[in-house]
Amino acid sequence: MSAEIAPLRLMAVHAHPDDESSKGAATMARYASEGVDVLVVTCTGGERGSILNPKMDRPDILENMGEVRRLEMERAREILGVRQRFLGFVDSGLPEDENEPLPEGCFALQSLEVASAPLVAAVREFRPHVILTYDDNGGYPHPDHIMTNRVSVEAFDAAGDPDRYPEAGEPWQPLKLYYQMGFSKNKFEALHEAMTSRGMGSPYADWISRWEDRPEKWDVTTRVPCADFFETRDRALLAHATQVDPDGFWFVCPIEIQMEVWPTEDFHLARALVDTTVPEDDLFAGVHAEAPTACS
Ligand SMILES: [Zn+2]
């Protein structure tokens, strides 16, 4: 990684507290350990998340979900070694079916302009070179995840334009925008095969068999080696104790197998304003070329 621009800055935009620890977390921890300034921006407070860990399913926790999730986020942030801020929107919840109306005032019901303004302001203040977000399907189709993609694309395109969002600070143009591509069928098939070939039970068989066999809409352009930070990723995810069952699905595949079989986190380069050649193994590839040279 280049050190010609010091410090490099990476912004990851997420929908809820805990998303940062399950999507791109090892990548963020790796860059932070190398001196990159990393900021997680969390659009909502996760107020409508249910308790997904049976051991935390207690009335006193359910009553204080907003505060509990704030404290969990603070712990995860510390573990990853990054900075974090909330944008203050209210969680839309995951509707049971697509006809169920979303709750009034929630993040996903905001106009694009209203929903994007605080992120544009955050981009202009933090001045990231690279932004990570979800693809246009949200990675999975939660309304807040889809909205997170829309505001991220809007902020990437508008933050450098002085005529747009003029109240939101001095213009700053980020150089690269990536979509998180962590949930690929290929990856889970590889982990499944590695586990079964070692005589272990695999939790993925059913899941993989239900996965539609169609080409991915976005190709993986960038694989960031980050296996040394998988353990950090898992600790950060476990810090979101109400959202993750430590005995559940996510922790069944041993880290050693993951490190061997799939030692990267994967991304799609959605926008690049610098010269770079794909495939890449560094989110900042090409960014150093934009640095002003010291001699003339
Ligand atoms: Zn989420």
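**Note on a predicted model with a zinc site**

1. R127 sits in the loop that runs between α5 (112–126) and β4 (130–133). The model is a predicted one. Although R127 is not a glycine, its phi is positive, about 55°. Most residues other than glycine have a negative phi. R127 is partly exposed, with a relative accessible area of 40%.

2. Y165 is another residue other than glycine with a positive phi, here near 45°. Y165 belongs to the loop between α6 and β5 (176–180). Is Y165 buried or exposed? Y165 is buried, at a relative accessible area of 9%; the cut-off for buried is under 20%.

3. The backbone also has a cis peptide bond, between V278 and P279, with omega about 0°. P279 lies in the segment after β7 (264–272). Most peptide bonds are trans.

4. Which atoms hold the zinc ion? The zinc ion is coordinated by ND1 of H16, by D19 through OD, listed twice, and by NE2 of H145, at 2.1 to 2.7 Å. The angles among the 4 donor atoms run from 53 to 143°, and the site is irregular. A tetrahedral site would need all angles between 85 and 135 degrees, so the range of 53 to 143° does not fit that class.

5. Along the sequence, the donor residues of the zinc ion follow the spacing H-x2-D-x125-H. D19 is in helix α1 (residues 19–22) and H145 is in helix α6 (residues 143–158), so this pair ties together parts that are 126 residues apart in sequence. D19 is buried, with a relative accessible area of 5%. H145 is buried too, with a value of 0%.

6. Helix α6, which carries H145, is mostly covered: 13 of its 16 residues are buried. Its length can be checked. At 1.5 Å a residue, the 16 residues of α6 should span 22 Å, and the end C-alpha atoms are 22 Å apart, which agrees. The expected span uses one less than the number of residues.

7. How do helix α4 (residues 65–80) and helix α9 (residues 230–239) cross? Their axes come within 8 Å and cross at roughly 170°. Angles over 145 degrees count as roughly antiparallel, and α4 and α9 are therefore roughly antiparallel to each other. On the α4 side the contact is made by E72, R75, A76, I79 and L80. On the α9 side it is made by T232, R235, A236 and A239. In an α-helix, residues three or four places apart point the same way, because there are 3.6 residues a turn.

Conventions. Residues numbered from 1 in each chain as written. Predicted model: local features only at pLDDT ≥ 70, side-chain atom pairs only at ≥ 80, totals over all residues. Heavy atoms only, no water. Donors = N, O, S within 2.8 Å, 3.2 Å for Na, K, Ca; no water. Tetrahedral: all angles 85-135°; square planar, octahedral: opposite > 155°, others 65-115°. Helix = DSSP H or I, 4+ residues; strand = E, 2+ residues; numbered from the N terminus. Buried < 20%, exposed > 50% of the residue type's maximum accessible area, 1.4 Å probe, protein only. Axes fitted to C-alpha atoms, helices over the stretch in contact; angles between N-to-C directions. Parallel < 35°, antiparallel > 145°, perpendicular 65-115°, else oblique. Contact = heavy atoms within 4.5 Å.
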